[in-house]
Every structure is written in structure tokens, then in C-alpha cells.
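Thanks for coming, everyone. Please have a look at the model on the screen, and then I will talk about its pockets.

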Amino acid sequence: MTEHTQKLARRSPCQRRLTGLAYVPRWLGGMLCYICFGLGGLLSSLTILPLLKYWPGTPEVRIKRVQKAVHMMFRGFVHMLSAAGVIKLDTKQVERLANAEAMLVIANHPTLIDVVVLISLMPNAGCIVKQGLWRNPFTRGVVSAAGYIPNRGAELLLDDCRNVLSRGTNLIIFPEGTRTVLGEQINPFARGAANIALRTGSDILPVLLHTKPPGLTKQDPWWEIPRRTIGMTVEVGTPISAMDYKAEEGGDARMARVLTREMENYYKQRLEIEL
């Protein structure tokens, strides 16, 4: 038996590449997950989410109720993806996500479902979403009821972030801006996350998403269900105090560049290129 054959023999079933008829159940299962996600978002935005949003209570309590409901729905979706063989999730220090409050949660962005996975692990999370999701009938009700932030002008965006963080909600941001290019560790970080952290005085909680083998990448169309199960490990790092950088001389603009560079280097050192 050759060395290559021995490696294939040791490979677990979830790592094997499905071909032919063996791939059909995987594809059907993955598409069923997508259909349930879309219809679930539409139906919940017409039923349970408005009820939770307008049930008596302060605005903060109402939004937290909706966010908890979205968290539970996303947990269900992740369980469906796992049952269909699309992903296999592993976590490290995940209690830091569950216990976080008013923190800027930053993560690399290797797959299409990263934000879904993170919110499924966080009962108290908001995020910045593209304007297109506010016009999509399947997602509009969810993002509006959960108090998510539309990606608009810089000053308006900063005010929205400050309001979200001030009520204790965590804010998920992907400094890469878009999914990582296949074969790269990360895309270059934009300074938006660092600017928000410095100007709101919020601590940063870094999350590393390891995927092996890669799948649902920027190069893959959404309907192309991975032929090999994506092994995703969610590793939560140690919080970073933005005020340590705020105290340095040089102003917010300079310290945002420094913080962005250090965060980018942190991810480069901790992540391996997934081929």
C-alpha cells in the first residue's frame, strides 16, 4: 500500500470527497437547509419576531428577546447543517462568547455561514449587515427586529455601533470585509473595526475560524454544497483592551492603524493556509 493510499484509508468519512450518486443526498440535504433558513426567516418575521419585538418591556428588553430568538433559530440551522454533513463544528473557549457583554467580536471570514455560526454561539449579539438584506423579504424582518445595523455612512454607522454597544449587546465585525480568498490566510484588514473600538472604548474579543477542508468560500457559488464536510473550529482568544491603545500618543487615526496592523498580524500568526 502506497503512502498516499494509506492517508486515504486513515481519512475519516466526513473528509472523503463525495462523487456520483453518493453526493446526491449531501446536495439535497444542504439545499433543504437553505430552504428552511429562507422560509424560516420569512415566517418568523411575520409571526414570532414581531410578537417578541412589541411585547411589553423596555426597548432594550425587546431587542434582547428577539436576539435570543434569532440565536436559537441559528443554532437550529447549524444543527441542520451538521446533520446534513455540510459542516462539523468544534469549539475552544466558547464560553467567552456566551458570557461576553458590550464587546466588539472580530473574526476572520472563511465561509458563507460564519456569522450564522457565531450568532448560534452568542445569545446577545448584533452585527453590521449589507443594505441588500434590508430589502430581502426573507431577511428584512429578522435584521430589523433584532436591531442589526445597516451598513451606511461612516458617522451614522459609528452612532449606531455606539448605541448597540451601550445597551450591552456584542457587535460582530469581520475586518476583512468579505470572505477570505481561497488559498490565503486572510484578506487585508480594513481599519473600521479598530476605529469603532477606539471611538466607543469597547474591548475586542478575537475569534479565529479554522476550516479544513475549505468550503462555501468566496469562489464557490452558494448552491454548490461541499463534497467534503467542512471541519470548522471556533477558537476564542483573549480580550484586547482598546483603552490601552487609546492611552497612547498619536491620536485615534494613528492608533487605529497600529491596532489594525497588530490584529492582522495576530491572525496571520494563528491561522494556517487551508488548501
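The largest pocket holds about 1800 Å³ of space, where a pocket is an open set of points on a 1 Å grid over the protein atoms alone, reached by a 1.4 Å probe, with protein on both sides within 12 Å along at least five of seven lines, and a volume is the space filled by probe spheres set on the points, which are joined across faces, edges and corners. This is a predicted model, in which local features need pLDDT of at least 70 and side-chain atom pairs count only at pLDDT 80 or more, while totals for chains, interfaces and linings use all residues. Residues are numbered from 1 along each chain as its sequence is written, and side-chain values use heavy atoms, with hydrogens and water left out.

Fifty residues, written 50 on my slide, line the largest pocket, and Val-115, Ile-128, Val-129, Lys-130 and Leu-133 lie nearest its centre; a lining residue has an atom within 4 Å of a point. Helix 2 gives the largest share of this lining, eight residues, and among the other elements that supply at least two are helix 4 (59-83) and strand 3 (125-129), helices being DSSP runs of H or I with at least four residues and strands runs of E with at least two, numbered from the N terminus.

The second largest pocket has a volume of about 290 Å³, and of its 13 lining residues Pro-214, Gly-215, Asp-220, Pro-226 and Arg-227 are the closest to its centre.

As for the whole protein chain, it has twelve helices and seven strands, and 45% of its 275 residues count as buried, that is, under 20% relative accessible area with a 1.4 Å probe, protein chains only.

Notes. Buried < 20%, exposed > 50% of the residue type's maximum accessible area, 1.4 Å probe, protein only.
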